[in-house]
Amino acid sequence: MTVQTHDQLLETVKSALNACGSTIKVGEGDLMSRTPLTGAELLAVESTSKEGVDKAIAAADEAFKSWRNVPAPQRGNVVKRWGELLAEHKRDLATLVQIEAGKSMSEAEGEVQEMIDICDYALGQSRMLFGKTMPSERPGHRLMETWHPIGVVGVISAFNFPVAVYSWNTAIALVCGDTVVWKPSEICVLSAIGAHSLLRKAVEECGEDPNIHQLVLGDREIGEVLVDDKRVALVSATGSTRMGHEIAPRVASRFGRYLLELGGNNAGIATPSADIDLALRGIVFAAAGTAGQRCTTMRRLIVHESIADELTSKVVAAYKTLTIGDPRDESVLVGPLVHQKAYEDMQDALQRAQEQGGELLVGGERVIVDDNEDSFYVQPAVVKMPSQTEVVHNETFAPILYVITYKDLEEAIELHNAVPQGLSSAIFTQDQSEAELFLSASGSDCGIANVNIGTSGAEIGGAFGGEKETGGGRESGSDAWKAYMRRATNTVNYSGELPLAQGVKFL
């Protein structure tokens, strides 16, 4: 790979923004974008003031009054066009994601592909916002339910998937008839500007009100305005469990709705019947991919004692072959941590793990790339733990895989479910009874439970989300659209009489 100079990197960013049609001024402002690839500053943008957020919410609230009455298939045309523009500019937006989030181009393009896929899905959903009809106990009456838009949806997204998760919310919310105000991570504002610009262009080309989608930029204080504003009917927030603990009661106190996608502390169980080579591939990608910075990253490997030595040694051997470095080099598999604090948190967790009896089998050390002291690359770590201690119960957003052994499947499931998070899970087994138990009510307590694949890599067709301290929200596919709508039960009397329910007599 030919290393770009910093000026060349800036030109790449500007070119990608221009290709996406950005009209937002970059280069001046108080909010500085940085790249984890080198640790260098990129471009500054102006934060949105609290007054600006108020205006954005007001504009979206006003636009909702007409947008909700646009036929849903017509609303779907906006999302369809957005998907087409995303496909046309897939590389441009992926370039921004790679530079700001530190992903390989394969993963960055995969993230944009998720956006394209959810647009396809939402387009179909625009013709399937189904209600039910139920038999009435009264003759000459029809009983049914209808679904209606709820209003302004506030979306607060995280750095690790700077555009995909936002699109899950936005594509579905728009076809449901809601308007959207988006507060992206302040770490990835340029990617957000690129994604927003393409949607703005789609809205304009379809002749719809541009105020149906608003972008606000800034830190936590900007997000808090969305959380506390009564005009925001739903707050969909992705981030830490700590953040969720703050958001949930504040939104609930004003009787708003919230959809939370919070921490994961995901585990894979490897049983004696597991296909070792298949399990190995699933574990290594889930645990080390994206430098451990996915909410679905595998952080615990619960392996049967009869195969523990064999599987663990193969995982350690595989880790030693991982290429670590600047992900603009296509041979690189593991890119950087997002910033210095992420590195420090990883080192602290590794120290605590060893203090709690853990044995560091591989990794953990910092890797200096291109003599650059301002970026934070690390060797993914594997730690053998004697039990599931305190450090294992707490998610560290870095590539640490804790290995714990078990004697029987009941114990494995108990270990699996003992943590406070409940996002994604996996079992590697060739025994159908083991798989079925894992998927049953007595098995995994997570929102996602997989068999013979890792914990990461969800498809948009299924609802995405988790239980317990993961927040309970569901985004993307299945019936997740219902979170963005309100239900009304309707009774239509065409009988000419007025019988009361339950046989009540009044007049």
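**Exercise 1.** How many bridges join strand β8 to β9, and do they run parallel or antiparallel?

This is a predicted model, in which local features need pLDDT of at least 70, side-chain atom pairs count only at pLDDT 80 or more, and totals for chains, interfaces and linings use all residues. Residues are numbered from 1 along each chain as its sequence is written, and side-chain values use heavy atoms, with hydrogens and water left out.

*Solution.*
1. Strands (E, at least two residues) and helices (H or I, at least four) are DSSP runs numbered from the N terminus; two strands pair if DSSP finds at least two bridges between them.
2. Five bridges join β8 (residues 232-238) to β9, and the two run parallel.
3. Within this ladder, Thr238 stands opposite Glu261 of β9.

**Exercise 2.** Place β8 and β9 in their sheet, and find the helices that pack on it.

*Solution.*
1. The sheet is open, with five strands in the order β7-β6-β5-β8-β9 and parallel pairing.
2. β7 (213-215) and β9 (257-261) each have a single partner strand, so one side of each is left without a neighbour in the sheet.
3. From one strand to the next, the twist averages 15°. Axes are lines fitted to C-alpha atoms, for helices over the stretch in contact, and angles run from 0 to 180 degrees between N-to-C directions.
4. Helix α2 (residues 50-67) touches β5 (152-156), β6 (179-183), β7 and β8, its direction making about 155° with that of β6. Contact means heavy atoms within 4.5 Å.
5. Helix α6 (residues 164-176) lies across β5, β6, β7 and β8, at about 165° to β6.

**Exercise 3.** Describe the seven-stranded sheet.

*Solution.*
1. The order is β12-β15-β16-β11-β10-β18-β19, an open sheet with mixed pairing.
2. β12 (359-362) and β19 (448-451) are the edge strands, each pairing on one side only.
3. Three bridges join β12 to β15 (residues 381-384), which run antiparallel; Glu359 has Lys384 of β15 as its bridge partner.

**Exercise 4.** Is Thr271 buried or exposed, and which side chain makes a polar contact with that of Thr271?

*Solution.*
1. Thr271 is in the loop between β10 (266-270) and α10 (276-288).
2. Thr271 counts as buried because its relative accessibility is 0%; buried means under 20% relative accessible area, exposed over 50%, partly exposed in between (1.4 Å probe, protein chains only).
3. Its side chain joins that of Glu434 in a polar contact of 3.1 Å. Such a contact is a pair of N or O atoms within 3.5 Å; within protein, one must be able to donate a hydrogen and the other to accept it, and residues adjacent in sequence count only if both atoms are side-chain atoms.
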